[in-house]
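Colleague: Got a minute to walk me through this model? I'd like to start with the charged pairs.

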Amino acid sequence: MSSVPSTYDTTRLMDGVVSLGSHAFPREPLGADTVVIEPTYMGICRADIKEIIGSRDVMEDRGPLFGHELVGTVFFAGADTGFEEGDPVTLNPNITPNRTTGFAEYVFVRGTKEELDEAVVRLPESEAGIGEGVWMPEPFACIVHALRKLLELTRQTSLAGKRVGIVGAGCAGLMFAMYARHLGASVVVFNRGEERRVFAREQGILAEGEIAALAEAGERRDAFDVVVVAPTVATAELLDVAAGLAADGAVLLVYGGTREGDRFPGGEVDVDAVRRSERIESVRHRGKRLDIAGAYGCGREDYEEGFRLHALHPERFPLERLASRRLDLAELPAFVMDAAAGVLDLPGKVLVRAGSRG
Ligand SMILES: NC(=O)c1ccc[n+]([C@@H]2O[C@H](COP(=O)([O-])OP(=O)(O)OC[C@H]3O[C@@H](n4cnc5c(N)ncnc54)[C@H](OP(=O)(O)O)[C@@H]3O)[C@@H](O)[C@H]2O)c1
């Protein structure tokens, strides 16, 4: 093992306040079942902000998400883990709650070899050189997982010729657009605010006809075979807008945040259960038959497919262009507290550089 520092910097989220402090480097957890990751870059996710303001249900089987997007290298690998020091890796936060926050100089993940094999995902050689073109594998793996799940639930093998409408041009909506186009669909992304619409066009992620104001959704009624609902929260109002965009017989994929008890307008379908247990249920809504499907989380195979897609089709998956700003770890607490207070809301992905102790 490289020399172990006596202290390391880590953030803490407590009672809605994020702080960064220097803490003793724990020696006790460095057992045979522990992998310690030294992040190079982390990504700020909407889920981080939701956890600060307490507007997200934390699942016990996977724990809090605050600080879950990262790429880095293995700093320490316990004897039973199957990893080696120096392995370039990323994290899948959907596997075990036995891990510390990724907004830190070191991240501790504990588990059986099988759990660690899923929770710590090796970066392929094509992605190992983390430099200028940084992108976050986890949110993309969730998108890969969600559209694969949609195909599985609807018994299709591609989206060839399908018209896909997407509600929300956040990071999720833009990655849905990339992958749906790759699967053969035409896409239109509807976004409420202008800033994200401009960002998507200026970054060359969406063409002129592929991005529209959410306020124009009424002009595109019944126009889509698939509608992906990918805003911060899949509110009843936004689900209703999405249902309006859908053609008779279309599928609505619920991806944006839901909470226990949330129901599809009309009350027939428990959208939170549909999303978290990845089901599909039919409803009648304003005279149309719609299938409501959900997807949640991702697995190692989704990361691997994401790496493969990015390596084979860099022009179709310009994931690096989602990055809108880079911060140092020291700047993170003030930034996320401003985001939580609603005074700052940048489009795209904000990346955080890990501090270097030389
Ligand atoms: N199912 C899963 O496995 C999974 C995995 C990861 C994330 N998610 C979900 O995906 C959501 C979106 O993530 P993201 O990374 O795309 O977030 P993001 O980059 O912060 O984008 C948020 C999007 O939501 C829109 N929005 C927020 N409030 C709105 C409102 N009241 N009406 C209309 N649009 C609104 C924003 O539009 P404006 O530009 O107008 O503000 C923006 O397009 C997360 O909150 C999380 O719940 C799901």
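Modeller: Sure, terms first: a salt bridge here is a side-chain nitrogen of Lys or Arg within 4 Å of a carboxyl oxygen of Asp or Glu. Asp345 forms one with Arg196, their closest N and O atoms being 2.7 Å apart.

Colleague: And what should I know about the numbers?

Modeller: This is a predicted model, where local features need pLDDT of at least 70, side-chain atom pairs count only at pLDDT 80 or more, and totals for chains, interfaces and linings use all residues. Residues are numbered from 1 along each chain as its sequence is written, and side-chain values use heavy atoms, with hydrogens and water left out.

Colleague: How many salt bridges does the count come to?

Modeller: The count comes to 22. Another one is Arg181 with Glu210, closest N and O atoms 2.8 Å apart. That pair links distant parts of the chain, 29 residues apart: Arg181 sits in helix α5 (171–182) and Glu210 in the loop between α6 and β10. Helices (H or I, at least four residues) and strands (E, at least two) are DSSP runs, numbered from the N terminus.

Colleague: New topic: which domains does the assignment give?

Modeller: Domain 1 is 7–131 + 319–353, and domain 2 is 139–294; the bounds come from an automatic or database domain assignment. Their C-alpha centres lie 28 Å apart. The contact (heavy atoms within 4.5 Å) takes 18 residues from domain 1 and 18 residues from domain 2.

Colleague: What's the buried area between them?

Modeller: About 1600 Å², with carbon and sulfur atoms giving 57%. That's the accessible area (1.4 Å probe) that two parts lose on being put together, summed over both.

Colleague: How many salt bridges are there between domain 1 and domain 2?

Modeller: There are 2 between these domains. On the domain 1 side of the contact, α1 (46–53) and β15 (323–328) each supply at least two residues.

Colleague: Last one, how many helices and strands in the chain?

Modeller: The chain has 10 helices and 16 strands, and its C-alpha trace spans about 65 × 40 × 40 Å along the principal axes.
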